[in-house]
Each structure stands twice: as C-alpha cells, then as structure tokens.
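Reader: Before we start, please show me the sequence and the structure. Then I will ask how each label is earned.

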Amino acid sequence: MRNNLLQKVYSPKFFQEKGHQVIDELTAHLDDKLNEKSEKAIQWNDPEEELKFWKDFLKSGDENDLFKTITERTTYVHHPHYIGHQVSPAAPITALTGMISSLLNNGMAVYEMGMSPSAIERVVTDVLCEKIGWDTNARGFLTSGGTLANLTALLAARKAVLKQDVWNEGLNVPLGIMVSEEAHYCVDRAARIMGLGEKGIIKIPCTESFQMDTTVLEEKYGEALHKGIAIFAIVGSAPSTATGMFDDLEAIAGFAKKHGLWFHVDGAHGGAGIFSEKYRHTLKGIENADSVVIDGHKMMMLPTITTALLLKNGLYANATFRQKADYLLTDSDHEDWYNSGKRTFECTKTMMSIHWYTMLKYYGEVVFDAYITQLYDMGASFGEMIEHHASFQLAVTPMANIVCFRYVDSNFSQLQLNELNAKIRHQLLEDGEFYIVQTKLRGWHYLRVTVMNPFTTTEHFQKLLDKILLMAQKSVTPVTTIC
Ligand SMILES: *Cc1c(COP(=O)(O)O)cnc(C)c1O
C-alpha cells in the first residue's frame, strides 16, 4: 500500500495491543471506582480549564496516556457516590458489545447492513412487548434515545388517530396533545417540532405529589375542543424526571379510550419496572398504552444510548414515515420488520440491540428485576432517612430511585434557603466526593439524588448528609436583620 499511515490505522496488531491496554486500564478503573479505592465520584474541572488542558494535550500529551487521561478527567458513574443523573453504570459486558458495534459498524438502516443485530432487535423488543402484557400484534424497534423515541411515538399517534393526512398535506387544523406539567421537556419539544405550537401543548396541572391531576382531564379536553384544537394523544410519565413520580396510567388509559386518543407512556426512566415483581405496580395500566418508551441506558444497565419504542399494534410502527396511508397491510403482504430505517427517524444507528441481548443471554431477565428493585428500595430508604432528619425536607415521598430534598433551617427565608441549597450543591460538585444534582420545584431549590448504582448503601447516604450538614453550618452565618 502506498500510504503507510493508513496501513498503520488498520493494523490488527496495533488494535490488539491498544485493546489489551484499554481493557487493563478500564479494569483498573472499575476496580478503583466500584470498590471505592478512590474517593471521588467526579473530578470537577472548570470548562475553560478543561478546554485548555485538551488543547495542550493535542500538542504535547503522550498518546500512551490518552485513554487513561480521558477516563480520569471526568465523571465516574461506577462509583457508589455517583448519585446524580439517570444514566446507569453500564454493565461491563456491554462495554464489550459497544466495542463490537463500533468495530463492525453495520449501519442498521436495512437488514443487509446488520443481519444479526436486526434479528436480535426483534427478539429483544418482543421480550419487552410481552413483559408489558401485549399480545403478538405488538412490535418494537430500537432508536437513539428517549427524546427521539417520544417524538417518533407522537408522529405514530398523529398518523394513526387523525383523519387529516398531515404527513403529506401539512398542518391545516390546529392539533394538540395532553401532557402533565411535570413531563420531560422533550415531549414539549417534540410537540413544537410537529408544529403544534404552545397552544397545542395542553399542560395538565399536577397534584401536590407532582402527578398528573387526572380529575381535570375532561375539563382541559373540553376547553381545547372549544378552541378548535384537535387532540390526538395523551402522554403519561412513568415516572416524571424531576421528582420520579408516576402518573396514574390506568386513569389516563380510561380517559384516552373514552375519547379515542392515543395513549403514550414515557417510561424512559421507569418503564423497566415491568421486570420488577416488587415495583411492577408503579406501572399499573401500562398494558393499555398504545406506545411505550423505555431507555435501556437508564434503568437497565446498558450503555448510552439504547432506547426501545414499543407499540401495542405493530402496524403503526411501519406507518409513521410512509408517504402513503398504505400501512394497513393485507394478510398476504409481509411485514419487513427487519428493515429498521423504515420505522426509525434516524437512518444509520448503532447495533444497540446486542447490548440488551447480551444481558438476557448472560444473566437472564432476572438481572433487570434485581437491578431495578435494588435501586427503588434504596430510593425508599434514602427517602426515609430524610423524612426522619430534622435538618432536611423531602419534596415528596419517593416512588422510585429519584429523591428530591433540601436543607432546611427555620431561621432562614425561602430566598436564603434557596441560595444555601444551590451553594451546597455547587460545593459538592467542586469537592467531588459525591455527585448529586439539583432541581427547582414550585419555587424551591432542591438537591436531587438518583440512585443508579446497586452498590450505593445507606452508609453512603449518611456520609452525604453529614457532609451537607457540615457545609451548611460552615457556609452560613444567619443574616442578622437590623431592626
Ligand atoms: C431521560 C428521559 C427522557 C429523555 O430520554 P433520553 O434518552 O435522554 O433522550 C425522556 N423522558 C423521561 C421521563 C426521561 O426520564
């Protein structure tokens, strides 16, 4: 070959050498973080500082240090002190399937560009549909993230429910969906992308416990109809992201059925609960949904991004992106479930099905029950600890592994407490021993924990609370008001 550089790039020997090095380094990383040999859950650096570091590294860093340095200078989701955003500490075996997907690089849009992973995708999505409680008419496919899956579900809903052919003719009547005010922002975004505008997003207020107030559905529906808005779908959150509270899926299903609406369940976070014997009840009514989204990278230990969109009636899976409304296949037509690109928004996608299948093959369905049940149990335990602590207050009793709480002190005003909790969270970030996040609920600033690591224990929670107390005491001297 004329070009030695390209020969070097594709050298199997080089791949093998580097591969062994990476596996050794990642193994050390896992051991270090999982077993808490290193103290920190995040190595916080200011973005500008981090930018400078990597600009310099490109010029003068040692390439042999590259992978290790990337791994070190970031967030350690495998550390039991990582209790922040909702991504799983990936099951290590799925890092290997990630490598297979990257190296084989089959594009997946058509069957020929990913035969094993396409068939595997069918197996995996069939398992998920069955777990939901659907019959063999149900179908699913994998797509790149809950955000895209929610948009795709709403597009399927629009095609299925409305008489108007919006796909071909564009919007000529105002359309709307109903969704709780606590739903993930991507639902709002999807509706806007679909041209519904703000008036087409019928926000349903929540109860005290941050769940969709299903008692006002009829009234809100009536109001929208009166304004000439054609509602075609209602979305339930299972659970909503900020607080981890589940909407009453049974009540929403009943309402949807009565009015002929598509019922979509955004189970990006908690849809995986279908595998938990103990917590399946959080999803009561999910079997009545027309579509369900489940993120594998949240509550199923898979790498980002691995998402399933599941439809009770598989015919609609093929209809969404078709130019003609010819999707109602006759019995003799065959359904080409294996050509992924017809059903997904994206053309090329990764071979994400192999992560899911590998988990099923190596550990069986029970592994998902074990993981979800453990995390929800720990969410409940942490909730109880907060509830019994005089210096902390819960936003709501947790239903899942998401816990929102704040430091309280009756000597402080709301504004002062908000500032203090925000300051605590920032100090925790810079300190790095624990990684937690924050959210604003009804004007109050809350600290927010999502238990994602099955090895996080109540001792860890205690340590976190002690640390926060210390920070609170150090960082404030009550503002003495001059009378
Ligand atoms: C995380 C989340 C999403 C977005 O999913 P991505 O995979 O991050 O795109 C949507 N809805 C809910 C309820 C979520 O928790």
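Author: Start with a cut-off: buried means under 20% relative accessible area, exposed means over 50%, and partly exposed lies in between, with a 1.4 Å probe and protein chains only. This is a predicted model, where local features need pLDDT of at least 70, side-chain atom pairs need pLDDT 80 or more, and totals for chains, interfaces and linings use all residues. Residues are numbered from 1 along each chain as its sequence is written, and side-chain values use heavy atoms, without hydrogens and water.

Reader: Why is A289 called buried?

Author: A289 has 0% relative accessibility, so A289 counts as buried. A289 lies in the loop between strand 5 (262-267) and strand 6 (291-295). Strands here are DSSP runs of E, at least two residues; helices are runs of H or I, at least four; both are numbered from the N terminus.

Reader: Which residues is A289 in contact with, leaving aside its neighbours within four places in sequence?

Author: They are W134, F263, V265 and K312. Contact means heavy atoms within 4.5 Å.

Reader: What makes the ligand's pairing with D295 a polar contact?

Author: A polar contact is a pair of N or O atoms within 3.5 Å; within protein, one must be able to donate a hydrogen and the other to accept it, and residues adjacent in sequence count only if both atoms are side-chain atoms. A ligand oxygen is 2.7 Å from an N or O atom in the side chain of D295, so the pair qualifies. For the K298 side chain, the distance from a ligand oxygen to an N or O atom is 3.0 Å. With G146, a ligand oxygen is 2.8 Å from a polar backbone atom.

Reader: How much of the ligand does the protein bury?

Author: Taken alone, the ligand exposes 380 Å², and the protein buries 87% of that. Such areas come from the Shrake-Rupley method with a 1.4 Å probe; for residues, only the protein chains shown count as cover.

Reader: Which element gives the largest share of the shell around the ligand?

Author: Helix 7 does, with three residues. In total, 15 residues surround the ligand. To be near, a residue needs a heavy atom within 4 Å.

Reader: How do you know that the protein chain agrees with a compact globule?

Author: The rule is 2.2 Å times the number of residues to the power 0.38, and the radius of gyration is taken over C-alpha atoms. For 483 residues that gives a value near 23 Å; the chain has 24 Å, so the two agree. Buried residues make up 52% of the chain.
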